[in-house]
Amino acid sequence: MASGLLLGGAVAALITAAIPAHNSSPVFDNPPPDKIVIDVATVNGSGCPAGTAAVAVSEDNTAFTVTYSDYLAQVGGGSNPTAFRKNCQLNLVVHVPSGFTYAIAKADYRGYASLQSGASAVQRASYYFQGSSQTVFKNHNFSGSLNDSWQATDTTDWAQLVWAPCGVQRNFNINTELRVNAGTSSPSKVSFMTMDSTDGDLSTIYHMAWQECPAK
């Protein structure tokens, strides 16, 4: 994945140390005019082998999208015993315009699931800053029988957003996971869940919120 991706609007995080209180208004629709630069430090995991994940920025600079082309977990039939769980961790270096901080207001996940009757699956995401002991986990559960596209959304109220520390460079980590459990389904039948974008429609979208840092 290429580094130095330009992000003109909002990048966010669900966790980190809160910044001191101040009187500035939050910025949702009018992010800072300066571009953010995101360097992709590392992309690791069985769900995102080299060259299968990409980051893009929305035209209005209020979100970024992570797109996958080989993110599939499955069980049953002739599936590899380790294929029931796939994960991907993105480690992003976010260069923020001077005087601003950011937080993730919402994250949308999309994919496709084919679960036999008795099978189940879970989509999980966690968000944290490098060096922080705090990690926020969000789980979404699915049960068979199911054969359809799926969508899951993690949301955080404005009052509960936790902001990146002002004036400190911290890498932002997003760790996602798909896990499929055969349960009581027939061992000969395959159940699977994807989070990918081979048709250009399935992707993960992170919606950002901006706020001015307190004056020094």
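This dialogue looks at confidence and strand pairing in a predicted model.

Student: What average pLDDT does the protein chain have, and where does pLDDT stay under 50?

Tutor: Where pLDDT is low, the predicted coordinates should not be read in detail. Here the protein chain averages a pLDDT of 76, and 71% of the residues score at least 70. The value stays under 50 over residues 1–29, and also over residues 197–201. The model does have 121 contacts beyond four places in sequence for residues 1–29, and seven such contacts for residues 197–201.

Student: Which strands pair with E11, and in what sense do they run?

Tutor: Strand E11 covers residues 172–181. Strand E6, residues 85–95, is joined to E11 by eight bridges, and these two strands run antiparallel. Strand E8, residues 120–129, also pairs with E11 in the antiparallel sense, over ten bridges.

Student: Which residues in E11 are the bridge partners of Gln 89, Leu 90 and Ala 121?

Tutor: Gln 89 has Asn 175 as its bridge partner in E11, while the partner of Leu 90 is Ile 174. For Ala 121, the bridge partner in E11 is Val 180.

Student: How should I think about the side chains along a strand, and how many residues of E11 and E6 are buried?

Tutor: In a regular strand the side chains alternate between the two faces of the sheet. In this model, E11 is mostly covered, with seven of its ten residues buried. Strand E6 has eight of its eleven residues buried, so E6 is largely enclosed by the rest of the structure.

Definitions and conventions:
Residues numbered from 1 in each chain as written. Predicted model: local features only at pLDDT ≥ 70, side-chain atom pairs only at ≥ 80, totals over all residues. Heavy atoms only, no water. Buried < 20%, exposed > 50% of the residue type's maximum accessible area, 1.4 Å probe, protein only. Helix = DSSP H or I, 4+ residues; strand = E, 2+ residues; numbered from the N terminus. Pairing = 2+ DSSP bridges. pLDDT = per-residue confidence, 0-100. Contact = heavy atoms within 4.5 Å.
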